[in-house]
Each structure stands twice: as C-alpha cells, then as structure tokens.
Amino acid sequence: MAAPSSNTCGVMEQSIRERVPPLLTDLYQFTMAYAYWRAGRHQEPAVFELFFRDNPFGGGFSLFAGLHDCLLFMRSFRFTDEDVEFLRSVLPPTTDPAFFQFLRGLDCSGVTLRSVSEGTVVFARVPLMEVAGPLAVVQLLETSLLCLVNYASLVCSNAARFRLAAGPRRKLLEMGLRRAQGPDGGLTASRYTHIGGFDLTSNVQAGFLFGVPVAGTMAHSYVTSFTSLEEVRPQTLAAVNRDPNPVDLISLTKGWLSRVCELLGAEPGKIREGELASFLSYAIAYPQNFLPVIDSYSVGCSGLLNFCAVALALCELGYRPVGIRLDSGDLCRQSVEVRRVFRLCSEHFSVSAFDSLIIVGTNNITEQSMAELNKKENEIDAVGVGTHLVTCTQQPSLGCVYKLVEVRGSPRMKISEDPQKSTVPGRKAVYRLLDAEGHPFLDLVCLSVEPPPEAGASLSCHPLGCDNSCVSVVPAQVTCLRLEVFTKGQVTHPLCSAAETRAKVQSSLQTLHPRHKRLQEPDSYTVALSEKLHNLVTEIGKGSSNNSNFLLAN
C-alpha cells in the first residue's frame, strides 16, 4: 500500500493540531523554560532520550508506536497569540513580558529527532528516540511526546499479544470505542491495534482518518426492537438476476423455516417472531452483507433457525449471506454446533454457500480466553475484542520517560537511590545484533562517537541489570536501530501509512526468536552497554559520590 496521500496527511496533521496543541503539556515545562530563558540558557544545545524501563504485560518485548504523530506534532509546533495570552494569565505576574514574545516565535526548526522506526520490536531501557536542540524547546516537547508514544506503544503491543494468542488464521476485529478512555483514546486504540495486528475496526472515524478497514452489522437492540413480522417494511426483495418482479421474502423465508425445523427436529413454537422480523428487515436492507447476532434469545431454539431460514432464502435469490455472530455463553461449544448445522444445511439443501459462512465470537474476550480458543475445539473464524484490548487492563501504562543525557556536549546523568531510575549519560547510537539465523539476541547501546560493531567480530559489553558482568559476543549481522527522521523543522523520512507500519510490525515480530515472544514466562532479551559507555557511567557515578559534600568542602 502506498504512503498516505497529501490530502490524507493534511487531514491527519489537522487532527494532530486539534488533539495535541502545544498547550497540551504540564505547567512545569513552561516554568522550567522561563528559568532557562532568564538564565540565558534557553539556546544551549541539549539532548533528551525517550525510553521505558520494563517490557509491558510481563512479556518479553514491546512495539514502538506513535512516531508518525510525533513528527506531525513537531512540524506544526508553534504557539498562537491566544496560547501566549493564556500562559500570561497562569504564570506568575512577575514573569518578564519578553518571555512571551520568545514563546510566540518558538518552533522546532532547531530540533533534530533520531528514532527507531515505527512498528519495530523494542525492549526495555533501549533509547527509542533522541531529541536534540535548544534546551528550552526540547524541554517543552517532553510531555507531548510522551503522551503520543506511551499509549500508542502500549495498545499496539497489547494488540500484538492478542494476535500471537489468536494465531495467524483468525480475523481480529477491534470494537472498543465505547469502552475506551475518551474519544481520543478510542481513536488512538483503533489505529494502533490495527498496526499491532488486528484486521478490522468498528470505529468509522479511524477508517476515515487512517484507512483502517471498518466492519459491523447489528446489535442486540436492533433484534429486540422488533416484535412481529408486520414490522418488516418493505417485505420484498429483487433477485440478483434482476427479475423485474420482487419476491415476497417473508413468504419465501417461512417456507425455508419449516424445512429447517423439520431437518433439525426443532420446535417451531419456540422461535421468536420478532427476531425473525429483525433478520428479514436487515437482509432486505443488506442482502450482500447479512451477518446477524443470533443469541439475543436462544441460539439453538431460535437464532440459528431464523438465520438459516433467511440465509437460505437469500441464497435462492442469488445472494451470499456472510455468517453469524455469537456474543454470549460458551462460544467454542456453540460455534461447533452452529458449524454442524451449516454443514447439514449445505448437504441437505445443496447450498454450497453455507460451507463458507463465517462465525464471529464476541464476549468480553481477554488475552487468556483468546489463547484458550486454540486449546479447545471450536469453529470461530473471527473474534471481536473491546474492553480488554483498548483499556489494556493487564497494565494501564507503558511508563515511558524522557530524560536529559547531554547539555553543551557534556554528558548528564540522573543518579537515584533506586538503580532502576538512574539514567545512562551521553549521546548514543543503538545497534541490534543478530545471530546466524537472523534472530536478534542483543541490543547494544554505545556512545555516538564509537565506531559501530562489525558482523563477525568479537565485542565485549555489559548487560544491563547484571551488576558489572562483562560478556563477549560475535554477531552474524548488525543493524543500526535509529535514523534521523526530523531536522530543521522538516520530516526527513517518508511517513508510512497504517498498512505499511502494520506490515513492519509483522516483519519485525517474525524475526524475534520464539523464546522472546512467548506470552507467558518469556526469556529476557539482553540490552547491553559498550565498554566505553559502561566506563562513563562508572566514572560519573564515582564523581557524584566524591562531590556529594561540595558545600562543606567549600
């Protein structure tokens, strides 16, 4: 699929400006920017890094997402007069008025962004984005960039886990808009779950903005709104062969219903007339897209019988019904029975279209219940997932952070009593090392001035989280993980469509060794520092300890 058209990009960029204006940030970003400005430090060259500390959902990997929106946000980053006037009202009255003039002229023309490609499999502690530029500007970008990356990467990773649990065969439908954390959460979820491996969304706006395929038919409310066949209007449907005389679909369906009941030994008295009316009305409106929900009352006693009767009538008129949806009860058991009836109808009535009917399951699906589908006998072709997908119930936040690593060419490091919260100083390059089979086995974080590792050459490094241990490895292949995607106010790397990024996700996941992408108890992936970077961390740590009493010493 080609990259987004200029019109699509324009709509998306407008959407970003509306959803993520420069004021969508924390107040302390402006107070820090003002303090930098007052001290004359606002133009000092600085470098920040964005990363997360732990792989989500207890898994072995994450997916990096949100870069596309970050680039559009940075390209349009500037304050309006209205923005500045509001800031004037919330910052202390002693704020120098010239600072507001400074903000009015601010943009990202001096910012450079180096980033991992969107859709790439990534791991904890690896610097995903490097944001370099004037100190005040790159400070102001922090909250917005974190907001754009955190949830996008989390929900994309969640979708990938659902896809791994489902396997490659089943179609997956995202249908979580009504359960999402607000309209923007729902829209973001629809886009990034598609990128993470879902095939379809129920969210129409996501289809409009991002080109995600949309799907949907009817809810239980539609079925229960009917009580009688008298409510079916119109009652006729023209055959596919364009016979000028429309057929009375109610009479045709009643005839098929009698034959189906006889075939299955069903009791006609238990069939819900209102349900049949709803199916007929919908079939007349959408004869080529007939896929009703059949468990509003009883699947076996009413819903399945009504569906078969209407579907057989449609087939007689030359149409191809699509299938059914199950939304309650034991989906596996019911799907097996439904498929048995479809095959019986196909054979008994010689209607081959019944062999290709699909069965959709939707019933509060979790990652665990998705995985269990593969362990039980079932005939489910497609699964719709809502709440547990878009709300990421297993883990509500990825926990990305944005940390300063260099100012004026000098490394900066946060040293914490909690080792997990200490940062790695200096401007860096990140390389992925692959084994002879093409599987990644180690991500190496180096200082940017170091020469890149070479395939086939031994190198020593220090795995994070392993104290001071040193290991030697020999990569069969080496790839550079980050590339420059934004500089001088312009996006310098082609923007990818959702479909292209989705393909990137699948390609990246396929290279990952099965032991790292197991959903339960995966092997830990190694992220390591080069010798030089490890020595820098040690040196700065010792220096900080030696200088801790500088006030007393002076």
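How many cavities of 30 Å³ or more does a search of the whole structure find? The search turns up one. Keep in mind as you explore that this is a predicted model.

Let's start inside that cavity. The volume of the largest cavity comes to about 100 Å³. Eleven names are worth highlighting in your viewer, because they make up its lining: Glu 49, Phe 51, Arg 125, Pro 127, Val 405, Thr 423, Val 424, Lys 428, Val 445, Leu 464 and Leu 529. Sorted by class, this lining holds seven nonpolar, one polar and three charged residues.

Lys 428 of the lining also takes us to the next stop, since strand β15 spans residues 428–434. This strand belongs to an open sheet of six strands, arranged in the order β18-β17-β22-β16-β15-β19, with mixed pairing. As a reminder, strands of a sheet pair through backbone hydrogen bonds, either parallel or antiparallel. At the edges of this sheet you will find β18 (471–473) and β19 (477–480); each has a single partner strand, so one side of each is left without a neighbour in the sheet. From one strand to the next, the twist averages 40 degrees.

Now zoom in on the β19 edge. Here β15 and β19 pair in the antiparallel sense, over four bridges. To find your place in this pairing, look for Leu 434, whose bridge partner in β19 is Gln 477.

From the sheet we can move on to the helices, beginning with α2 (residues 27–38) and α5 (residues 97–104). Their axes come within 11 Å and cross at roughly 110 degrees. Angles of 65 to 115 degrees count as roughly perpendicular, and α2 and α5 are therefore roughly perpendicular to each other. On the α2 side, Phe 30, Ala 33, Tyr 34 and Trp 37 take part, and they meet Ala 98, Phe 99, Phe 102 and Leu 103 in α5. The class breakdown of this contact is eight nonpolar residues, with no polar and no charged ones.

A second helix pair makes a nice companion to this one. Helix α8 (residues 182–196) and helix α17 (residues 498–511) pack at an angle of about 45 degrees, and their axes lie 7 Å apart. These two helices are therefore oblique to each other. From α8, the contact involves His 194, Ile 195 and Gly 196, while α17 contributes Ala 498, Thr 501, Arg 502, Val 505 and Gln 506. Here the residues divide into three nonpolar, four polar and one charged.

Methods
Residues are numbered from 1 along each chain as its sequence is written. This is a predicted model: local features need pLDDT of at least 70, side-chain atom pairs count only at pLDDT 80 or more; totals for chains, interfaces and linings use all residues. Side-chain values use heavy atoms; hydrogens and water are left out. Axes are lines fitted to C-alpha atoms, for helices over the stretch in contact, and angles run from 0 to 180 degrees between N-to-C directions. Angles under 35 degrees count as roughly parallel, over 145 as roughly antiparallel, 65 to 115 as roughly perpendicular and the rest as oblique. Contact means heavy atoms within 4.5 Å. Ala, Val, Leu, Ile, Met, Phe, Trp, Tyr, Cys and Pro count as nonpolar, Asp, Glu, Lys and Arg as charged, and the others, Gly among them, as polar. On a 1 Å grid over the protein atoms alone, a cavity is a set of points where a 1.4 Å probe fits but cannot get out, and a pocket is an open set with protein on both sides within 12 Å along at least five of seven lines; lining residues have an atom within 4 Å of a point. Grid points are joined across faces, edges and corners, and a volume is the space filled by probe spheres set on the points. Two strands pair if DSSP finds at least two bridges between them.
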